[in-house]
Every structure is written in structure tokens, then in C-alpha cells.
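Please open the model in your viewer and keep the selection tool at hand. The stops below are meant to be taken in order, each one beginning with something to select.

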Amino acid sequence: MSSLAQSDATAGAPAASRKGRWGMACLILTESALFLTFVVTYLYYTGKSLSGPYPVDVIEYPTVLFNSVCLISSSFTIVLAVRALARGRVALFKVFWVLTMLLGLEFLVGTAIEWKGLIEQHELTLSSNLFGSTFYSLVGLHLAHVTLGVLVMLLITTLALFGRIRREHAERLEICSWYWHFVDAVWIVVFLTVYVYGV
Amino acid sequence: MASSDITPDASPPRSPFMDWARGWMTTVDHKRLGVMYISSALLFFVVGGLEASAMRAQLSWSQLDLMEPGTFNTLFTMHGTTMVFLVGMPMLFGFANYLIPLMIGSRDLAFPRLNAVGFWIFFFSGCLLYYSSVGGEALYGLAGMPDVGWFAYAPLTAINYSPGNGPDYWLLFVLVGGIGSLATALNVVVTVATMRCEGMTPLRMPLLVWMISVACGLVLIAMPPLSAASIMMLFDRHFGSHFFDTQGGGSAVFWQHLFWFFGHPEVYILVLPGFAIVSEIIPVFSRKAIFGYPMMVAASVCIGVVAMGVWVHHMFTVGLTAGMNSFFAASTMIIAVPTGIKIFNWIGTMYGGRLHLKMPMLCCVAFLFQFLCAGLTGIMLAIAPFDFQLSDSYFVVAHFHFVLIGGLLFAIFGGLYYWFPKATGRMLGEKLGRWHFWLFLIGFNVTFGFMHIPGAMGMPRRIYTYQADRGWEIWNVISSAGVVLQAAGVCCLLVNIIRSARKGAVAGDDPWDAWTLEWATTSPPPEYNFEKPPKVHSRRPLWDLKHPDDTDGAYE
């Protein structure tokens, strides 16, 4: 019985999953072009602010490094989650999935704390200088993508809690996880641009 | 049937009109969406054409005062924006939508609902743009519509130089419309990659599928920089950021880079579908297989790649370095090579063929001549010192209208005559078609052919009027006279479409004796396209079917 259902599920899968894979790949391509534009903008305007606060004065590493570690490790936990689901271990999937979501959430909260400091202590805003304009737009664009990812994960968590996520969905979740890996990879580029090169 | 008629139905009977409207508004069928894309594009084409006619009337003689100078600015902004984003791109997506699933033998696009989303986003983005005429501060008599040119250069778009909401409508329109374009482009690429029927290997796909895929790939890469730039501009205008604010250290030239990094690939996004249509029509009406198929594919991909490295030729007069200007002058000349290969291949296809000069073919022959002229003036403008002299003059206006009307629009006309029978089951009238063709052809060449001359004499673009002693009047009045012929031509086309859709000669499945898969199904095709998934063995599946003794596979 279960073997029959499984073969049915795999029989219909290839065409649909190929579409999903190509669709996600195209989305990642076009999103890369979007991020690249903001990264190039950041690089172009690095060191061109006419007045402070300048990056050297305001950038602090502890929070952002902790955030980065959380976000990067969420890429590993999401792989573990999808693998667990592919092997039919739904409970383990839920654990890793929720963990991934919490790590993403930590990134959001951590960045909020960082931004609060920047805005209140250093009075760095979108309008203070070019550094502010480029910093908030680039990091903010990435943050918007993390937010979207966390919302989608919340949706899938809810479905999982109602028992709607089963083994046959592993492939779809894998395709979703590409988006998350992409968001992580973009963060590495953003980090190198803003916190390493830009300082 | 009878049993369903007497089934008790709680809901009140609906009018046939509501059913009809509901059918179109809720459809996810690629053929209906294709027709909707093309019809909306034609609607906006008429609007954009009226704007152009008003401008030509104002410029037809020196010191005319038919409208306010501000209105003139609004007109050229809206004309450019409309023709590029609301006519050219939806035409691309319309033809892509209608033809690609039929040509590769699939049931629909990869994501049908996303397809509908893409269409409605496009349609409402157009409504948003035109809503600017009544929305915002326009109600209080201030300039509501954008009047900053279709490329919206900084710093004119800064909040202190353009205080109204016009640029905001333009920026939001670009942002929203961009999302719709991305959705549909993604859909097309995924469809071509994953939904081809059995035997349809990449090198057996019709050239239209190849070229439109390349154009959609370009949309995916070139559109986001414009979206990013619009976001930055909106931030500059409303949140006080400094991206393009030179007083805050920003750079107005950077906007130009971002805009043209989108803007030049956009030219190829628009014109590749034109090439695509021509590549389908010329072989059928020459009764020969396309000459140099692999070279055509390679040239298309090559154009797609090089198109992303030529944008600075729009900025030669900005004052960039000599090295930069030389590099982009060279890359601009290089992109003429694959384009030239295509022209030779089309001529090679016609050479020695048995030409049938029906309406679709007639449009393609006109395309060849006019696109060649556009290419030649393009090479002239690629030479940076020559461009210094003529940039921002009517010579440039004439050049790119030869590209977009002489090239793209004539190809679209050809496509309309060629596939109208497939979409409606009826032929588009040949006699009225000839009137349309010759009126428009003559009108177009009168308007834009003669427009090169005042441009070379130094008449700048985007001027509201000019002085009497420049010697430009005679050329301008000739240009304006051509508009009358073009408008008459377009009227013939519209009347022809409306009349033929009802009373045209019945077409049958394959009126042109063509070779690609869309002609294998009925006209109009059923909702499921093909009864059985087709199987192809060569680039011309219908030729194989009609000539089983001499199939194509042996020669490929």
C-alpha cells in the first residue's frame, strides 16, 4: 500500500519538480541582479559621504557577527530538516524546521537591535548621508528577503502542525530551501561589502 | 444538455455579457491571456500614437502655440513610456503567451495562474500611469502626469525640481509593471526549459521560441536594476536619501548608468521578438527552410550577452573618460555583427525561394529594408565623436523610431496578419491590409526618413518650439504630414481587425501551408491545444507530416 502510493507520488513528480526547480532558479537569477545593483551602488558610494557618521565610527561587530552565525547555521538546519522529511521522519523535520525559523527570527531581532543603536546613539538614518542611504537600503533589502523567508517558514510550520506536511512534499520544501540558501549567500556578500570592505 | 437545463439553480440567471466578461477576467488560459496582452497593447498603441500626433502638430511649424510647454513635456514622457512599457513589452508577452506553448507542443505555460497575475499587474500598472492625469495633485490643476522624459534623469526628478506627484506615478508604475514583466518572463523561460513535447530538442525549437526566450532571459537580468534605481529615486524624493543628490555627495550620472543598464537591453528585449516573428514568416512565404538555423540561434544568444555591455553609448556626451567611450563604441559596433548575420540569413532564406508576397511577407520585406536603415544610422551613432555632434538631436529620434517602428512594429504587423487566422479562425482581409500597409509604410518613411535632416541640421529633441530662421520648418512640416498617412494606416488596420474577426474568410487549420506545430491544431485551438501530445522529429514537424517521403530529419 505505502509502496504503491510512493510510486504514484514519484511518477507524477518529475515534470512538476523540474518546473519548480527552473522557476526558483530564474527567481534567484533575477533577485541576484537586484541585489547586485544595490551592492554596486554601495561600492560606488563607499567613502563618498560628505559628513559623518562614517562607517568606522558606528559599525560594531559583536551583534552582527552573532547574527551572521545564526543565519549561516540556519542554512545547515534547513538541509537537515528537508533530509529528515525526505526520509519520512516528520517529527525530526518539524524540530529542524522550527529551529531554522527561530534562527531567521533571531537575525531579524538582532538586526533590529543593531539598527536601534545606529539610529538612537549614532543618529545614522537613511537621510543623514550617503553611507546611511546605501547602508539601510542594501541591508534593508536583504532584511526584507529574510522577513519573507521567515513568513513562508511560519506558514509551513503551521501546516506541519496540522499534519499537512508529509514525505511527498520533501521535494517542494527543498526547492523552497534554495531561496533560503540564496538569502544566506547574499548575506555573505552583503557582510563582506558593508562590514569588511566598507569600513 | 437537456438534463443540465432543468437542473434547479439557486443563483439568478446571469446575462451572457457577464458570463463573457467573467470568462475573460478569470481565465488562466495562455491563448486568452495572449489575446488580452495584444489587445491591451493595441489600445495603448492608439493612445501613444495620439500623443505623438499632438506633438507633431505642435512642431509642424515654428513658433506654434497649440499647447502649453508643460503639456508638451508630459506628452513626450507619456508617449515614450507608453510605447516601451505598455506597447512593446506586452506585445512581446502576448506573442510569447499565445505561440510558445503551441509551438513547443504543450498544454499551457508552466505556471498558468502566475501568467494571469503577470497580465493583470501589467494592465493595472498602465491604469496607474494614466491615473496620474486625474490623481494626486492633478485634481487641483497642478501638473499631475510625469513630465520628466521616459528616462527620468536625475536631478530633474529630485523633489525640489519636480515637486508634483508625476515622477512618483512614473516610478511606481515602473516598479509595479516590472514585477509583472518579471513574472511573465520567468514563466516563459521555465516553460521553454521544461514543457517541450517529445522530440523537441533545443535545436529543433522554432526560432521564435529561441529568440523570445533570449528576450525573456534579458528581462530577468535587466529589469531589476531599473526597479532598484526606482526604489532609490523614491527614497531620494520622499525619505531624504542622497543616491542621486549631487549636493549630498551622490551622483546624477549614476542614475543614467542604472537606467541605461536596463535601457539598452530593453531595446533588444523589444526588437528580438520582432526578429522572432520575421524568422517564422520569411521561411514560410519563401517556401524554404530558414537559412543557417544554428547561426541564427547563436546570433540571438550572442545579442543577448553583448546587449548587456553597450549601455554607455547612450551617455557619450555625459563626459565620461575616453577609455570608457572607446570601449562602448567598440562593443556597440560588435553587436551589429550578430544582427548583420541575421539580416544575411533572412535574405539567404529568400534568395532562390518562391516568394509569396502576402500581407505577412510584405511587412517582413519592409522590416528588412527599414531595419537595415536603422542599423546603419546606429553604426553612425556608435562612433563617439559623431555622436557628440548628433546626440539629443532629431537624428537620434529618427534613428530609434526606425528601430522600433521600422523594425519592431512592422514585424508585429506581419505577426498579426500571420497568426490572426490561428487565433480567430478567420483571415485578416488582404485588400484593407494592403491599404494599411502602403499608407503606413509611406507615412512612416515620410515622417521619420525626413526627420534625420533637421536632426543633422542641429534641431534638438524635446523642444517645445523653435525659431523661424533655422530652416527646420519645411522638414518638420513634411514629418508632420506623414503622421496623417500613418494614422490612416492604423485606422485601416483596426477596422480590418474588427471586421475580419466577424466576417473574414474562414481560414481553416493551416491557411499558409506552414510548418510549425501551432498549425497542426484547429483554428482557433481548443483549450487543451492538442488532442494527443505531439511528437516531432525535425524542425518542421508539419513538413514531415505533409511529405512523409522526404522528411526534414535527413538534412539537419
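## A tour of chain B

Begin by selecting A215(B) in this predicted model, and then add the residues it touches, which, leaving aside those up to four places away in sequence, are L92(B), Y268(B), I269(B), L272(B) and P273(B). A215(B) is also a good way into the largest nonpolar core, a set of 202 residues in which I212(B) and A215(B) have the most contacts. If you now select α7(B), you have the element that gives this core its largest share, namely 22 residues. Apart from that core lies another one, of eight residues, and to find it you can select A52(B), F72(B), F76(B) and M78(B), which are among its members.

Next, select helix α4 of chain B, residues 69-103, together with α8(B), and look along the place where the two pack at an angle of about 40 degrees, their axes being 10 Å apart. Because of that angle, α4(B) is oblique to α8(B), and the crossing in which α4(B) passes α8(B) is left-handed. To see the contact itself, show V84(B), G88(B), M91(B), L92(B) and F95(B) on the α4(B) side, which meet E266(B), I269(B), L270(B), P273(B) and I277(B) on the α8(B) side. Coloured by class, the residues of this contact come out as eight nonpolar, one polar and one charged.

The following stop is another pair of helices, for which you should select helix α5 of chain B, residues 112-131, and α6(B), whose axes come within 8 Å and cross at roughly 160 degrees. The two helices, α5(B) and α6(B), are therefore roughly antiparallel to each other, and α5(B) passes α6(B) in a left-handed crossing. Residues of α5(B) including G118(B), I121(B), F122(B) and S125(B) meet residues of α6(B) including F173(B), V176(B), G177(B) and G180(B). In this contact of α5(B) with α6(B) there are twelve nonpolar and seven polar residues, and no charged ones.

Finally, bring chain A into view and select the place where the chains meet, where 26 residues of chain B are in contact with 24 residues of chain A. Which elements give two or more residues to the side of chain B that touches chain A? They are α6 (166-194), α7 (207-239) and α8 (252-286) of chain B, and of the elements on this side α7(B) gives the most, with nine residues. Colouring this side of chain B by class shows 18 nonpolar and eight polar residues, with no charged residues on the side that touches chain A.

Terms used:
Residues numbered from 1 in each chain as written. Chains lettered and ligands numbered in written order. Predicted model: local features only at pLDDT ≥ 70, side-chain atom pairs only at ≥ 80, totals over all residues. Contact = placed C-beta atoms within 7 Å. Helix = DSSP H or I, 4+ residues; strand = E, 2+ residues; numbered from the N terminus. Nonpolar A, V, L, I, M, F, W, Y, C, P; charged D, E, K, R; others polar. Axes fitted to C-alpha atoms, helices over the stretch in contact; angles between N-to-C directions. Parallel < 35°, antiparallel > 145°, perpendicular 65-115°, else oblique. Left-handed = near helix turned anticlockwise from the far one by under 90°. Core = buried A, V, L, I, M, F, W, Y, C linked by C-beta atoms within 7 Å. Buried ≥ 20, exposed ≤ 12 C-beta atoms within 10 Å, placed from the backbone.
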